[in-house]
Amino acid sequence: MKLGANVSIAKTGLLCAVEESVAYRADTYMIYTRSNRGGPARAIETFNRDEARALMLEHGLSDPVVHLSYLVNLASPKTETFEYGVSVLAEEIKRVEYLGFSYIVMHPGSHVGTGTDAALRRIAEGLDAVLSGTENLFLCLETMAGDGSKVGNQLEEIAELMTLVKHREKLGVCIDTCHNYSAGYDIVHDFDGFLQRFDEIIGLPLLKVAHINDSKHPLGARKDRHANVGRGTLGVEALRRIVHHPVLAEVPQILETPGGHYAHEILLLRNETDELPPDAPSGEES
């Protein structure tokens, strides 16, 4: 099992992200290399890459992940928004290759009224404008919760999008337990069935990253509100079964739960405690 959390680069870049992960006794981790509020990205050369890599090696951390900014929406019909997304993604690939990571997770996008089919074609257009086939990483499309006009909620949509992209060999998939449950997949009672469908529709070798989150809302609610482990509708036992599933043994699994209780939640998922983390107050939902 490779279990970690979404950690900060605020102080010393990659070095503080690794130090935080070591404090959590994590096996992996995820970062954003740039702010979701926009503006220019911090120079990647200031991230203390080499010191961070040495600390990762010392503590056995592997397969770190970068999440693309939420501001990227390749599904947008607006030229300015689309071109901004293409530019940021192209830059982010270079930044992540500098860090030596193998995975970038991105939300497919929101169609904002044009419909799913048009959105999938638009996203593919953007990916074709960026991917050359020479990248040393996988761009992982995240499965979504079905809220708003987001696309990629169903496995079939992810699969269709992948067929539209020229360099589809550079694509992978990131599942999200909160999103999948909210989109209508009963992973609490039949995670094996979900994995079987994934294999039939997309192929399990393309499952590269997993986000591990409880959900504030019930099955099929189509709402994206993360909850702390054991404080939502999935529950501790279901999430334990998921993170310990043999199919996910080599997949980096990332907590994105609210409140910053990652050390506690990692212990809980590893069966090293049965005490639940504090329930994040309303307003701290992810």
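For the pocket lining below, Ala, Val, Leu, Ile, Met, Phe, Trp, Tyr, Cys and Pro count as nonpolar, Asp, Glu, Lys and Arg as charged, and the others, Gly among them, as polar. The model on your screen is predicted.

**Stop 1: the largest pocket**

Select I9, Y32, R34, S35 and N36. Of the 14 residues lining the largest pocket, these are the closest to its centre. The space inside comes to about 270 Å³. Colour the lining by class. You should find five nonpolar, six polar and three charged residues.

**Stop 2: the largest nonpolar core**

Now select Y29, I31 and L127. They have the most contacts inside the largest nonpolar core, which has 80 residues. Next, show helix α3, residues 79-99. This helix gives the core its largest share, seven residues. A second core lies apart from the largest one. It has nine residues, including M30, Y32, Y103 and V209. Y32 was also on the list at the pocket, among the residues closest to the centre.

Such clusters fit a general pattern. In soluble globular proteins, nonpolar side chains tend to be buried together.

Stay with I31 for a moment. Which residues does I31 contact, leaving aside neighbours within four places in sequence? Early in the chain, the partners are N6, V7, I9, L14 and A17. Further along come V65, V66 and H67, then L99 and F101.

**Stop 3: strands β3 and β4**

V65, V66 and H67 lead straight to the next selection. Show β3, residues 65-67, together with β4. The two strands run parallel and are joined by three bridges. Find H67 and look across to β4: V105 stands opposite.

Now turn β4, residues 103-106, so that you can see each side. In a regular strand the side chains alternate between the two faces of the sheet. Are the two faces of β4 covered or open? Both are covered. Y103 and V105 sit on one side, I104 and M106 on the other, and all are buried.

**Stop 4: the cavity**

Keep H67 and M106 selected. Add L68, S69, Y70, V72 and H107. Together these residues line the largest cavity. The structure holds one cavity of 30 Å³ or more. The largest has about 40 Å³ of space. Its lining has four nonpolar and three polar residues, with no charged ones.

**Stop 5: H167**

Move to the loop between α5 (155-164) and β6 (171-176), where H167 lies. Why is H167 classed as buried? Its relative accessible area is 17%, and buried means under 20%. Display its partners beyond four places in sequence: H167 touches D128, L131, S132 and G133.

**Stop 6: helix α8**

Finish at α8, residues 236-243. This helix is mostly covered, with six of its eight residues buried. Select V236, A238, L239, R240, I242 and V243 to see the buried ones. Then show what lies over them. The cover includes helices α6 (177-182), α7 (191-201) and α9 (262-269). It also includes strands β7 (207-212), β8 (214-215) and β10 (252-255).

Zoom in on R240, which belongs to this helix. R240 is buried, with a relative accessible area of 8%. Beyond four places in sequence, R240 touches L268, L269, N271, T273 and D274. Last, draw a distance from the C-alpha atom of R240 to that of G230. The two residues are ten apart along the chain, and these atoms are separated by 9.9 Å.

Methods. Residues are numbered from 1 along each chain as its sequence is written. This is a predicted model: local features need pLDDT of at least 70, side-chain atom pairs count only at pLDDT 80 or more; totals for chains, interfaces and linings use all residues. Side-chain values use heavy atoms; hydrogens and water are left out. On a 1 Å grid over the protein atoms alone, a cavity is a set of points where a 1.4 Å probe fits but cannot get out, and a pocket is an open set with protein on both sides within 12 Å along at least five of seven lines; lining residues have an atom within 4 Å of a point. Grid points are joined across faces, edges and corners, and a volume is the space filled by probe spheres set on the points. Buried means under 20% relative accessible area, exposed over 50%, partly exposed in between (1.4 Å probe, protein chains only). Helices (H or I, at least four residues) and strands (E, at least two) are DSSP runs, numbered from the N terminus. Contact means heavy atoms within 4.5 Å. A nonpolar core is a set of buried Ala, Val, Leu, Ile, Met, Phe, Trp, Tyr and Cys residues joined through side-chain atoms within 4.5 Å. Two strands pair if DSSP finds at least two bridges between them.
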